[in-house]
Amino acid sequence: MSTILIIEQVLNGVQFGVMLFLMAAGLTLIFGVMGLINLAHGSLYMVGAFAAAAVAGATGSFLLALVAALAAAAAAGALIEMVVIRRLYQAAHLDQVLATFALILIFTEGTRWFFGSFPLFLDIPDYLSGPVTLPGGIQYPLYRLALIAIGLAVGAGLWWLIERTRLGIQIRAGENDREMIAALGVDISRLYTLVFALGAALAGLAGALVGAIQSVQVGMGEPVLILAFVVIVIGGIGSIRGAFVGAILVGLTDTLGGIFLPGFFGLFMAPGAASQTGSAIASMAIYILMTLVLIWRPSGLFGARA
Amino acid sequence: MIRESYLNWLILLGLLAVPIWALTADEPFTITLATRAAILALAAVGLNIALGIGGLVSFGHAMFFGIGGYVMGILAYHAQSFTPLDLGAFSIAGTKSMPIIWLVALILSGLAAWIVGLLSLRTGGVYFIMITLAFAQMFFYFSISWSTYGGEDGLSIYVRNGFPGLNTLDPIQFFGICFVLLCLVLFLNARLQGSPFGLALNAARQVPARVETVGLDPMRIKLLAFVISGAITGLAGALFADLNRFVSPTMFSWQMSGEFIVLIIIGGVGRLMGPVVGASLFVLLEHWLGGLTEFWHIYLGTILLLIVLFARGGLIGFLTGKEGAHV
Amino acid sequence: MKKLMLATAALALGVTFASAEVKVGMITTLSGGGAGLGIDVRDGFMLAVAQSGRDDIEVIIEDDQRKPDIAVQLADKMIQSERVDVMTGIIFSNLAMAVIPGATAQGKFYLSPNAGPSALAGQGCHQNYFNVAWQNDNLHEAAGAYAKNAGFSNSFILAPNYPAGQDALTGYKRTYEGELAGEIFTQLGQTDYAAEIAQIRASGADSVFFFLPGGMGISFLKQYDDSGVDIPVIGPAFSFDQGILQAVGDAALGVVNTSQWSKDIENPTNAAFVESFQAEYGRLPSLYASQGFDTANLLISAMEQADVADADAFRAALRTADFDSTRGDFSFGPNHHPVQTIYAREVVKEGDVFTNKIIGVALEDHGNVYTDQCQM
């Protein structure tokens, strides 16, 4: 296996990881600040992708599509926070699980009712399509490079927001002691709606960006949701830094596992059987990774010690 | 408001009355639905021991359900194809006898729960939820690519397994078997809640430190509860596979684990009869709404939302007027 | 159309027609991600029933949610409560494996409008089971045959790691005679193929064969197109179906795919079908719609020859396949699977709509390899 191929695969892993980070960041933020397990996060990802596909179809502009994705997901997020989630902060975790599970059902079938049962079309804009040649002669799709750049920029933006702004101080304070910051005159329920909408917008952005190279279809959010949960658990719940490291780890493990494991089994098995066994193990790889991390550090890599 | 103990008997009688009515009205499919509810209830009763009493929110109980299912599938497959099951050092013949299948399902899923519990109980809260999910996902992906037993296509068993003295193909007799097993497990569960072990488990959920000071190891108590819980769900898996005469990787899926949790919450967490109410209502809604519209999931979702928002403590809590199950 | 509405209204209300002579139970996927396929099969089937003008067919339609246990439960309901005579509708092989052996063992006829797992064509075949679509390997065998005839000698092949995927690669290799540049099993439900595409680029292959049904195929084609790799791609029709093509867009243009049906097959039945389907539902029919349509017409042709109560006569009538198929010549092989011509098609753009155009025959009068294993 050539060096070029390996570098290309590492880039693929990083790109996958960066997109997972967009999903995981919102999830971990919402859990960290509000203590809420939001199963409907995948639905917001789907909302973003569908909004983007609809607007791109109508206007032909990819930028407008991204704006629409951000706006639609943020609006959907704010709406469910105000109508449903707000009533559940005092409730047990399990009630939150059931409520957000119910939201998945409503969103999934509601989207199908509205947009129909067939996948929608969303394409990469012309100015980002096609491969570019990187130093060393690596041919790599420009759009995927753009995804890595956008993901890193969003990560940096989030870091700035949380570490350097007034809102960030409130968020960090909210994670530690919500009664105290309420007593200090911060409007807690506004803060919660804002954080929820922010997390939702990130999910919607991820849905739109990924939707352009995948398939915009009903139910696209759930597999990503599970992966995003894996990411935040590996990273440590509530930690943005943890979500970033977890996302890159999961992205690399999944991509490189799928490439190298069949080859590894090929050393001592027949090619067909090796490919089957290898890809079977590869599909379990991220769960094995997560289990090992949790056995080693029961609260994830960057989680607060319980 | 109704006293919970009366309500419990009412619920059991209701679940028994429906198929008996169906028998006289010649509606065999209603019996099948009731059987499905009883089996799902049994699986959720198993989970409720870990989740309700022990506070161990397992998002991976489909793992035990699937193990039970595959125990039935593999043993019956070898029996129907007259090929021995090769275990490397020795080989055994398959079987179509329910009691033997149940025993193997109980043992293997209990064993799996012991191993998973040992590794997972070091974590808590959401981490525990996710690590149990991870184990179930491993089984899921493994079963999809395990071509010996059908992979994603699953395994079909042509004739339902037998129970001495009964005709299991007759819907009402198979319902009887499942109902009796459900009652036995409910009885066991009720005894467990009042036993020293149940009290210790309850305490281990609330204040682990206090359990330790009286010389008990909270980890061992939780592990034992997890093993019992997994074994019961495994038994339900074997019955579920027999009901469908089919087993496939979907039994391992995370949606299945989620469904068990949903059943418990609908009925009421930690309530003895919570899972029975939850499973009956869920099967009923699925059947009734599914016949009304193509987009019935929207209505199902709305009903579930209403239950969470307005019936705290689940339906049993709603009916008895007591929100919390725990005293 | 009015009849269709009536039939639909009747099933919604649970009303039974007193005159109904054949009761059909249709279990298909109508909700969730795979719903597009089930809806097409249902619409094609109901169109044929409506066009026949018969009032002695009652169709009960249920949604299996793509879950095997739900499908089994619905099958029990249809057999035990509704007492249907004939069953049909299942889209996915794993659901077919869950339902069909039990249904045929209980004496019901099953007409498959889509799934054709090898187990049911070989040792698990049954005299009451008829497949009106294809045996699962067929379109892949045709792809292999096309690759061989087109002079490709170094294919890179990939499919998801599950039984239908393993069958797909086996089917391709059965008729393709060249070298393999690579053979990959991807994950079921995988949405990112960057890693696989990188391997294809590095492999030096002269052709790529892939079987990735549903959203997986959409993702693969879009990413492949964007990667700049320009090795020709071949695939079975599933990823180039009318319902999916619009979501793939330009990325699919020019790709060769194999199908037993296409909207430009020239025969009067097909022309009438395409026109009436479009008039009725406002969209072009898909492969699945044509299969649903043919399934209903097979059933109707058998009803004209025999009474469903006389199982032997009805079975014999089904076996003759005496109906006008949208595919032209159609007959059943000894294991009740189709013997039919499979075409190579190319994706083209007609106005704003992406669709397929036949470019040649891949396999003529093709049956399947499992005939010998089937003893009825």
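Guide: Let's start where two chains meet: 37 residues of chain B are in contact with 41 residues of chain A. Keep in mind as we go that this is a predicted model.

Visitor: How much area do chain B and chain A bury between them, and on what kind of atoms?

Guide: Together they bury about 3700 Å², with 81% of it on carbon and sulfur atoms. Within the part that chain B buries against chain A, Tyr127(B), Met130(B) and Trp254(B) supply 17%, more than any other three residues.

Visitor: And how many salt bridges and polar contacts are there between chain B and chain A?

Guide: The rule finds zero salt bridges across this interface, while four residue pairs, both members at pLDDT 80 or more, are in polar contact. On the chain B side, the elements giving two or more residues are helix H5 (125–145), helix H10 (254–267) and helix H12 (296–310). H5(B) provides the largest share, 13 residues. By residue class, the chain B side divides into 27 nonpolar, seven polar and three charged.

Visitor: What should I look at in the interface of chain C and chain B?

Guide: Go through the same list. Here 28 residues of chain C are in contact with 30 residues of chain B. The two chains bury about 2600 Å², 51% of it on carbon and sulfur atoms. There are three salt bridges between them. In one of them, Arg36(B) and Asp69(C) meet through their side chains at 3.1 Å, N to O. Six residue pairs are in polar contact, both at pLDDT 80 or more.

Visitor: Which elements of chain C give two or more residues to the side that touches chain B?

Guide: They are helix H2 (35–52), helix H3 (68–82), helix H4 (93–105) and helix H7 (163–175) of chain C. The largest share, nine residues, comes from H3(C). That side of chain C divides into 11 nonpolar, 10 polar and seven charged residues.

Visitor: Now for salt bridges inside a chain. What is the general idea?

Guide: Side chains of opposite charge can pair when their charged atoms come close. Over all chains, this structure holds 23 salt bridges. Try Arg112(A) and Glu109(A), whose side chains meet at 3.1 Å, N to O. Because they are three residues apart in helix H4 (residues 93–115) of chain A, about one helical turn separates them.

Visitor: Are Arg112(A) and Glu109(A) buried or exposed?

Guide: Arg112(A) counts as buried, at 1% relative accessibility, and Glu109(A) is buried with a relative accessible area of 1%.

Visitor: Which parts of chain C does the salt bridge of Glu183(C) and Lys173(C) tie together?

Guide: The closest N and O atoms of Glu183(C) and Lys173(C) are 2.9 Å apart. Glu183(C) lies in strand E7 (residues 179–186) and Lys173(C) in helix H7 of chain C, so the pair ties together parts 10 residues apart in sequence. Glu183(C) is partly exposed at 23% relative accessible area, and Lys173(C) counts as partly exposed at 35%.

Another pair is Glu350(C) and Lys263(C), with closest N and O atoms 3.3 Å apart. This pair links distant parts of the chain, 87 residues apart: Glu350(C) is in strand E12 (residues 338–350), and Lys263(C) is in the loop between strand E10 (256–259) and helix H11 (268–281) of chain C. Glu350(C) is partly exposed, at 43%, whereas Lys263(C) is buried, at 18%.

Visitor: Which residues of chain C are linked in a network of salt bridges?

Guide: Asp40(C), Arg42(C), Asp43(C) and Arg283(C) are linked in one.

Visitor: What about backbone angles? Where should I look for a positive phi?

Guide: Most residues other than glycine have a negative phi. Asp26(B) is not a glycine, yet it has a positive phi of about 55°. Asp26(B) sits in the loop between helix H1 (4–24) and helix H2 (28–53) of chain B, and it counts as partly exposed at 48% relative accessibility.

Gln65(C) also has a positive phi of about 55° although it is not a glycine. Its place is the loop between strand E2 (57–63) and H3 of chain C. Gln65(C) counts as buried, at 11% relative accessibility.

Visitor: To finish, how do I read a single helix such as H8(A), residues 188–211?

Guide: Check the span, the covering and the start. H8(A) has 24 residues and reaches 34 Å from its first C-alpha to its last, close to the 34 Å expected at 1.5 Å a residue. The helix is mostly covered, with 20 of its 24 residues buried. At its start, a side-chain oxygen of Asp187(A) reaches to within 3.3 Å of the backbone nitrogen of Ser189(A).

Note on methods
Residues numbered from 1 in each chain as written. Chains lettered and ligands numbered in written order. Predicted model: local features only at pLDDT ≥ 70, side-chain atom pairs only at ≥ 80, totals over all residues. Heavy atoms only, no water. Contact = heavy atoms within 4.5 Å. Buried area = accessible area lost by both parts, 1.4 Å probe. Salt bridge = Lys/Arg side-chain N within 4 Å of Asp/Glu carboxyl O. Polar contact = N/O pair within 3.5 Å; in protein donor to acceptor, adjacent residues only side chain to side chain. Helix = DSSP H or I, 4+ residues; strand = E, 2+ residues; numbered from the N terminus. Nonpolar A, V, L, I, M, F, W, Y, C, P; charged D, E, K, R; others polar. Expected span 1.5 Å × (residues − 1). Buried < 20%, exposed > 50% of the residue type's maximum accessible area, 1.4 Å probe, protein only.
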